[in-house]
Amino acid sequence: AALCSIRIIRKVPDLAENFLSPAASLLKEKHHGVLIAGVQLCTDLCKVSVEASNYLRKNCTEGLVRILRDVSNSPYAPEYDIAGITDPFLHIRLLRLMRMLGQGDSDTSEYINDILAQVASKTESNKNAGNAILYECVETIMGIQATSGLRVLAINILGRFLSNRDNNIRLSFRNILSNLSIIRCDIFLDLIIYSLKFSIH
């Protein structure tokens, strides 16, 4: 039903307001498949409606933080485990939605700062699943009104990946760097030069 709803609002955005309450209720489910569909529905609602963004920001931010904290702290669950990380797909969908809700809103940004710091600090970067989560986490931190300390943490992660010898990882994180037009380039100058050295060899 959630996937059908996504297709409906993509084709007829004017119907978005009819799905706000059902979308919010899906975030109370326990099954990860339902949660992923619910989070994606909320994300699509935010894309087509400012009113939807305001509604979800007001009614769902606390629940989203709780879900991300639970999945981040979850013990080993074989049905959701990928390379030692519990459901990276749900991690990523939650981070993307949080980024949309936090953009341009200082209260929401402040509320999600702590969980972003936890995810950024706790996620292992020795597997692709962890790298994908860290990528979204850095993008989210840079996309909201994060604290200066949290931005420094994101920049440190960015620098670590830009100096990685894996070309795919380095290129992926350069995409973040290229989008940071609101931040002075000289902050990243050393990182850029360092990563380019590896590109030449």
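**Exercise 1. Describe the place of T86 in the chain, beginning with the residues that it touches.**

Solution. Residue T86 touches H32, V71, S74, P75, Y80 and H91, when residues up to four places away in sequence are not counted, and a contact here means heavy atoms within 4.5 Å. As the next step, we place T86 in strand β2, where helices (H or I, at least four residues) and strands (E, at least two) are DSSP runs, numbered from the N terminus. Finally, T86 counts as buried because its relative accessibility is 7%; buried means under 20% relative accessible area, exposed over 50%, and partly exposed in between, with a 1.4 Å probe and protein chains only.

Before going on, note that this is a predicted model, in which local features need pLDDT of at least 70 and side-chain atom pairs count only at pLDDT 80 or more, while totals for chains, interfaces and linings use all residues. Residues are numbered from 1 along each chain as its sequence is written, and side-chain values use heavy atoms, with hydrogens and water left out.

**Exercise 2. State which elements the chain has, in what order they run, and what part of the chain is buried.**

Solution. Counting the elements gives ten helices and two strands. Read from the N terminus on, they run α-α-α-α-β-β-α-α-α-α-α-α. Of the 201 residues of the chain, 47% count as buried. Turning to contacts between residues at least 6 apart in sequence, we find that 66% join residues at least 24 apart.

**Exercise 3. Check the length of helix α5 and work out what covers it.**

Solution. The expected span of a helix is 1.5 Å times one less than its number of residues. Helix α5 (residues 88-102) has 15 residues and should therefore span 21 Å, which agrees with its end C-alpha atoms being 21 Å apart. The next step is burial: eleven of the 15 residues of α5 are buried, and the helix is mostly covered. Among these buried residues are P88, H91, R99 and G102. The cover comes from several elements, since the buried residues of α5 pack against α3 (32-48), α4 (50-72), β1 (81-82), β2 (85-86), α6 (106-122) and α7 (128-143). Just after α5, G104 takes a positive phi of about 75°.

**Exercise 4. Describe how α4 and α5 pack, and find the contacts of L64.**

Solution. We begin with the geometry: the two helices, α4 and α5, pack at an angle of about 150°, and their axes are 10 Å apart. Such axes are lines fitted to C-alpha atoms, for helices over the stretch in contact, and angles run from 0 to 180 degrees between N-to-C directions. The residues of α4 that take part in the meeting with α5 include S53, L64 and L68, and those of α5 include L90, L94 and L101. Looking at one of them, L64 touches L27, V39, L94, L97, M98 and L101, not counting residues up to four places away in sequence.

**Exercise 5. Name the residues of the largest nonpolar core that touch the most other members, and the elements that give two or more residues to it.**

Solution. A nonpolar core is a set of buried Ala, Val, Leu, Ile, Met, Phe, Trp, Tyr and Cys residues joined through side-chain atoms within 4.5 Å. The largest one has 53 residues, of which L45, L64, L68, L94, L116 and I141 touch the most other members. The elements that give two or more residues to this core are α1 (2-11), α2 (20-26), α3, α4, α5, α6, α7 and α8 (148-162).

**Exercise 6. Decide whether T108, D44 and K127 are buried or partly exposed, and give the surroundings of each.**

Solution. First, T108 is found in helix α6 and is buried, with a relative accessible area of 6%. Leaving out residues up to four places away in sequence, T108 touches R57, T61, L101 and G102.

Second, D44 has its place in helix α3 and is buried, with a relative accessible area of 4%. Apart from its neighbours within four places in sequence, D44 is in contact with I6, I9 and R10.

Third, K127 is found in the loop between α6 and α7 and counts as partly exposed because its relative accessibility is 43%. Although K127 and I82 are 45 residues apart along the chain, their C-alpha atoms are separated by 9.4 Å.
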